[in-house]
Amino acid sequence: APPPAAPQGQVVAASGALAPATVERAVGRQRAAFARCVDQALQGPGGDALRGRTVALMVGIDPSGLVLASQVEQPDVERTALGACLRSVAGRLLFPPFEGDPIGIRLPFQLGQR
């Protein structure tokens, strides 16, 4: 069977250690929390400037399945409340344990697109 579709607005690239469908499931469990971050940012000051942009969250995952670190790729967003909110949600992601070295995944978000 084909893997389930990625959450809308999020394209997941994973290494061989975690199958894309596995990553999508883990991210999907926090989809509502990520959406709240985006919605708050779009409704807040500067929200209009964010609308329509794509921002990407880089997430480092330990072989235990826990998130080691996360950072928004765009420095201007990394320093904002949106960046802090996305990093906070990323810290709650849980992945199945895997063999080998820590890996990184990239989670793009289309701001203001459903």
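Colleague: Two strands count as paired if DSSP finds at least two bridges between them. On that basis, in which order do the strands of the open sheet lie?

Modeller: The model is a predicted one. Its chain has 5 helices and 3 strands, and the elements run α-α-α-β-β-α-α-β from the N terminus on. The 3 strands form an open sheet with antiparallel pairing. Their order in that sheet is β2-β1-β3.

Colleague: Which are the edge strands?

Modeller: In the open sheet, the strands follow the order β2-β1-β3. An edge strand here is one that pairs on one side only. That description fits β2 and β3.

Colleague: Which residue in β3 is the bridge partner of T54?

Modeller: Strands β1 and β3 pair in the antiparallel sense, over 8 bridges. Strand β1 covers residues 54-61 and β3 covers residues 103-110. The bridge partner of T54 in β3 is Q110.

Colleague: What angle does the direction of α5 make with that of β2?

Modeller: Helix α5 packs on the sheet and touches β1, β2 and β3. Angles run from 0 to 180 degrees between N-to-C directions. For α5 and β2, the angle is about 160 degrees.

Colleague: Which element gives the most residues to the largest nonpolar core?

Modeller: The largest nonpolar core holds 30 residues, and F34, L57, L82, L86, F95 and L107 have the most contacts inside it. Two or more residues come from each of α1 (20-28), α2 (31-43), β1 (54-61), β2 (67-72), α5 (81-90) and β3 (103-110). With 6 residues, the element that gives the most is α2.

Colleague: How far apart in sequence are the parts that the D76 and R53 pair ties together?

Modeller: D76 forms a salt bridge with R53, and their closest N and O atoms are 2.7 Å apart. D76 lies in helix α4 (residues 75-78), whereas R53 lies in the loop between α3 (47-50) and β1. The pair therefore ties together parts whose separation in sequence is 23 residues.

Colleague: Is D76 buried, partly exposed or exposed?

Modeller: A residue is buried under 20% relative accessible area and exposed over 50%. The relative accessibility of D76 is 38%, so D76 counts as partly exposed.  Its salt-bridge partner R53, at 26%, is likewise partly exposed. The class for D76 is thus partly exposed.

Colleague: With which residue does E73 form a salt bridge?

Modeller: E73 sits in the loop between β2 and α4, and the pair links distant parts of the chain, 33 residues apart. E73 is partly exposed, with a relative accessible area of 37%. The partner lies in strand β3 and is partly exposed at 33%. The closest N and O atoms of the pair are 2.9 Å apart, and the partner is R106.

Colleague: Is E78 buried or exposed?

Modeller: E78 forms a salt bridge with R87, their closest N and O atoms being 3.0 Å apart. R87 is partly exposed, with a relative accessible area of 25%. The limit for a buried residue is under 20% relative accessible area. At 18%, E78 therefore counts as buried.

Colleague: What share of contacts between residues at least 6 apart in sequence joins residues at least 24 apart?

Modeller: Of the 114 residues of the chain, 40% count as buried. The accessible surface comes to about 6,200 Å², with 54% belonging to carbon and sulfur atoms. For contacts between residues at least 6 apart in sequence, the share that joins residues at least 24 apart is 68%.

Notes
Residues are numbered from 1 along each chain as its sequence is written. This is a predicted model: local features need pLDDT of at least 70, side-chain atom pairs count only at pLDDT 80 or more; totals for chains, interfaces and linings use all residues. Side-chain values use heavy atoms; hydrogens and water are left out. A nonpolar core is a set of buried Ala, Val, Leu, Ile, Met, Phe, Trp, Tyr and Cys residues joined through side-chain atoms within 4.5 Å. Buried means under 20% relative accessible area, exposed over 50%, partly exposed in between (1.4 Å probe, protein chains only). Helices (H or I, at least four residues) and strands (E, at least two) are DSSP runs, numbered from the N terminus. A salt bridge is a side-chain nitrogen of Lys or Arg within 4 Å of a carboxyl oxygen of Asp or Glu. Contact means heavy atoms within 4.5 Å. Accessible areas come from the Shrake-Rupley method with a 1.4 Å probe; for residues, only the protein chains shown count as cover.
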